[in-house]
Amino acid sequence: MAAFISSQKTEYGIDHTISCRALGVSQSWYYKWKNRIGHDALTARQRRRADLDAEITRSFEASGGTYGSPRIAQDLHEAGRRVSENTVAARMAELGLVARRRRKPRSLTRQGKRPAAPDLVRRKFTAPAADVLWCGDVTQIDTDEGKIYLAAVEDLFSRRLLGYAMSEHHDAAP
């Protein structure tokens, strides 16, 4: 905008005071920008912010996108930078850096209220003939739309799949 105001003086002979008044800009602002070294030079504050953004981005990418503002602020403190956790959080939000939470794997074989099923196979997975010994299994499959559970029944003699069922919950009724 300062360049535009200056161009009005050279091209049309319009004084900067009139241009500033018409654009709703103070004259002190115009002089501040006019006296800068090159009209594209950054202020000291903008340089510090750009340096901080670069360090935050580097630390975030080094963590594989898992570090949040507390951990990145800790890294910056260890590197000798004086910056608050809130400043790091604000800069991360501005940069669009969002940490991914590490999820703990959830086991489906935890003790419940129902008694455990008896081991009728007695841990022997070989059958003497077809249709004598069957076993089943439930598997969790992660998809883009959420988790899905696949239950299958297998004949242990022929190793053929006898049947299967899918559900959104591992404890669904057949």
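The following dialogue works through salt bridges, surface patches, contacts and backbone angles in a predicted model.

Student: How many salt bridges does the model come to by the distance rule?
Tutor: Side chains of opposite charge can pair when their charged atoms come close. The cut-off applied here asks for a side-chain nitrogen of Lys or Arg within 4 Å of a carboxyl oxygen of Asp or Glu. By this rule the count of salt bridges is four.

Student: Which residue forms a salt bridge with Asp-53, and in which helix does that partner lie?
Tutor: The closest N and O atoms of the pair are 2.8 Å apart, and the partner of Asp-53 is Arg-91. The two residues are 38 residues apart, so the bridge links distant parts of the chain, with Asp-53 in helix H4 and its partner in a helix that spans residues 85-95. The partner is therefore Arg-91, and its helix is H6.

Student: Is Arg-91 buried or exposed?
Tutor: Buried means under 20% relative accessible area, while exposed means over 50%. The relative accessibility of Arg-91 is 11%, which falls in the lower of these classes, and therefore Arg-91 counts as buried. Its salt-bridge partner Asp-53 has that status too, for Asp-53 and Arg-91 are each described as buried.

Student: Which residues does Arg-91 touch, not counting those up to four places away in sequence?
Tutor: Arg-91 is found in helix H6, and one residue that it touches is Asp-53, with which it also forms a salt bridge. With residues up to four places away in sequence set aside, Arg-91 touches Arg-49, Leu-52, Asp-53 and Ile-56.

Student: Which residues are joined into one network by salt bridges that share partners?
Tutor: Besides its bridge to Asp-53, Arg-91 meets the side chain of Glu-94 in a salt bridge of 3.9 Å, N to O. Glu-94 and Arg-91 both lie in helix H6, three residues apart, about one turn of the helix, and Glu-94 counts as exposed at 61% relative accessibility. Through the shared partner, the network joins Asp-53, Arg-91 and Glu-94.

Student: How many residues apart in sequence are the parts that the pair of Arg-81 and Glu-55 ties together?
Tutor: Arg-81 forms a salt bridge with Glu-55, the closest N and O atoms being 2.7 Å apart. Arg-81 lies in the loop between helix H5 (69-78) and H6, whereas Glu-55 lies in helix H4, so the pair ties together parts of the chain that are separated in sequence. Arg-81 is partly exposed, with a relative accessibility of 24%. The separation in sequence between the parts tied together is 26 residues.

Student: Which residues form the positive surface patch?
Tutor: Residues enter a patch when they have over 30% relative accessible area and no salt bridge. Arg-48, placed in helix H4 (residues 44-62), is exposed with a relative accessible area of 51%. The positive patch is formed by Arg-45, Arg-47, Arg-48 and Arg-49.

Student: What accessible area do Met-1, Phe-4 and Leu-23 have together?
Tutor: These three residues form a nonpolar patch on the surface. Leu-23 lies in helix H2 and counts as partly exposed at 38% relative accessibility. Together, the three residues have an accessible area of about 300 Å².

Student: Leaving aside neighbours within four places in sequence, with which residues is Ile-14 in contact?
Tutor: Ile-14 has its place in the loop between helix H1 (2-12) and helix H2 (16-23), and it is partly exposed, with a relative accessible area of 32%. Gln-8, in helix H1, counts as buried at 12% relative accessibility, and its own contacts include Ile-14. With sequence neighbours left aside, Ile-14 is in contact with Gln-8, Lys-9 and Ser-19.

Student: What separates the C-alpha atoms of Ile-14 and His-169?
Tutor: Along the chain, Ile-14 and His-169 are 155 residues apart. In space, their C-alpha atoms are separated by 74 Å.

Student: What value is phi of Arg-159 near?
Tutor: Arg-159 lies in the loop between strand E2 (146-155) and strand E3 (161-167) and is partly exposed at 48% relative accessibility. Its phi is positive in a residue other than glycine, as is phi of Asp-131, which is found in the loop between H6 and strand E1 (134-143). Phi of Arg-159 is near 60 degrees.

Definitions and conventions. Residues are numbered from 1 along each chain as its sequence is written. This is a predicted model: local features need pLDDT of at least 70, side-chain atom pairs count only at pLDDT 80 or more; totals for chains, interfaces and linings use all residues. Side-chain values use heavy atoms; hydrogens and water are left out. Patches are made of residues with over 30% relative accessible area and no salt bridge: like charges are joined within 9 Å, nonpolar side chains (Val, Leu, Ile, Met, Phe, Trp, Tyr) within 5 Å. Accessible areas come from the Shrake-Rupley method with a 1.4 Å probe; for residues, only the protein chains shown count as cover. Lys and Arg count as positive and Asp and Glu as negative; His and the chain ends are not counted. The place of a charge is taken as NZ of Lys, CZ of Arg, CG of Asp or CD of Glu. Helices (H or I, at least four residues) and strands (E, at least two) are DSSP runs, numbered from the N terminus. Buried means under 20% relative accessible area, exposed over 50%, partly exposed in between (1.4 Å probe, protein chains only). Contact means heavy atoms within 4.5 Å.
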